[in-house]
Amino acid sequence: MVEEGETSPAVRVGGESRRAIKLCFHGLTRSFPEEEDDPMRDFIVTVHSEAVQIEVVVRTWAGDGLDVLLAELAEDFRGWNGAQTWRSLERDLTLSAEHAGSCVRLTWGAARPTP
């Protein structure tokens, strides 16, 4: 769902219960703003619940098809076989979606770079 009042477009994924873990994709920027034709893009993923909150900067090469994957998940409401997966350029975010009857089961992993 796109949130109103953000300074940049944001998409939030997660349940409405207090115990749900929510992912927020926001802050899309060019990785190297001085390079007009640079295809690398960065965005922030914020993961939060009552117990945890982390932020990961995710780098992609022209989006790496994340927009395509999310659009296909939304359009293919009748389901599909197996898992549809995506991972970012530097593998700091992975997503896997499986159709589970009347819903989609989304599994994700977020990793902060080690200093």
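Start by selecting Ala 74, which is exposed, with a relative accessible area of 61%. That value puts Ala 74 on the exposed side because the cut-off is over 50%. The model on screen is a predicted one. Ala 74 is found in helix α1. Now add Val 104 and draw a distance between the two C-alpha atoms: the separation is 9.6 Å, for residues 30 places apart along the chain.

**The three-stranded sheet**

Next, show strands β5, β6 and β7 as a cartoon. They form an open sheet in the order β5-β6-β7, and the pairing is antiparallel. Which strands stand at the edges? They are β5 (83-87) and β7 (103-110); each has a single partner strand, so one side of each is left without a neighbour in the sheet. From one strand to the next, the twist averages 15°.

Stay with the β5 side of the sheet. Strand β6 covers residues 93-100 and is joined to β5 by five bridges, the two running antiparallel. To see one facing pair, select Trp 86 and look across to Leu 95 in β6, which stands opposite. Helix α1 (residues 66-75) packs on this sheet and touches β5 and β6. The direction of the helix makes about 155° with that of β5.

Select Ser 96 next, in strand β6. Is Ser 96 buried or exposed? At 18% relative accessibility, Ser 96 counts as buried, since the limit for that label is under 20%. Leaving aside residues up to four places away in sequence, Ser 96 touches Ala 83, Gln 84, Thr 85, Arg 105, Leu 106 and Thr 107. Showing those six as sticks displays the list of contacts around Ser 96.

**Strands β2, β3 and β4**

Move to the strands earlier in the chain. Strand β2 spans residues 22-30 and strand β3 residues 40-48. Seven bridges join β2 to β3, and the two run antiparallel. Within this pairing, select His 26 to find Ile 44 of β3 opposite.

Continue from β3 to β4 (residues 53-61). A hairpin of four connecting residues joins β3 to β4, and the two strands pair in the antiparallel sense over nine bridges. Two facing pairs can be picked out here: Val 45 stands opposite Val 56 in β4, and Val 47 stands opposite Ile 54 in β4.

Go back to β2 and select Cys 24, which has its place in that strand. Cys 24 counts as buried, at 4% relative accessibility. Measuring from C-alpha to C-alpha, Cys 24 lies 9.3 Å from Glu 55 in space, while the two are 31 residues apart in sequence.

**One salt bridge**

A search of the whole structure for salt bridges finds one. Select Arg 59 and Asp 42: their closest N and O atoms are 2.8 Å apart. Arg 59 lies in β4 and Asp 42 in β3, so the pair ties together parts that are 17 residues apart in sequence. What is the relative accessible area of Asp 42? It is 10%, and Asp 42 is buried.

**One aromatic pair**

The corresponding search for aromatic pairs, again over the whole structure, also finds one. Select Phe 25 and Phe 43 and show the rings. Their centres are 6.0 Å apart and their planes stand at 40°, so the pair is tilted. Phe 25 belongs to β2 and Phe 43 to β3, so the contact ties together parts 18 residues apart in sequence. Both ends are buried by their own values: Phe 25 has 13% relative accessibility, and Phe 43 has 9%.

**The nonpolar core**

Keep those two rings displayed for the last stop. In soluble globular proteins, nonpolar side chains tend to be buried together. The largest nonpolar core here has 15 residues. Which of them touch the most other members? They are Phe 25, Phe 43, Val 45, Val 58, Trp 86 and Leu 93. Colour the core by element of secondary structure: β2, β3, β4, α1 and β6 each supply at least two of its residues. Three names on that list have come up before: the two rings of the tilted pair, Phe 25 and Phe 43, and Trp 86, which stands opposite Leu 95.

Technical notes: Residues are numbered from 1 along each chain as its sequence is written. This is a predicted model: local features need pLDDT of at least 70, side-chain atom pairs count only at pLDDT 80 or more; totals for chains, interfaces and linings use all residues. Side-chain values use heavy atoms; hydrogens and water are left out. Two strands pair if DSSP finds at least two bridges between them. Axes are lines fitted to C-alpha atoms, for helices over the stretch in contact, and angles run from 0 to 180 degrees between N-to-C directions. Contact means heavy atoms within 4.5 Å. Rings of Phe, Tyr and Trp (its six-membered ring) pair if their centres lie within 6.5 Å; planes under 30 degrees apart count as stacked, over 60 as edge-to-face and the rest as tilted. Buried means under 20% relative accessible area, exposed over 50%, partly exposed in between (1.4 Å probe, protein chains only). A salt bridge is a side-chain nitrogen of Lys or Arg within 4 Å of a carboxyl oxygen of Asp or Glu. A nonpolar core is a set of buried Ala, Val, Leu, Ile, Met, Phe, Trp, Tyr and Cys residues joined through side-chain atoms within 4.5 Å.
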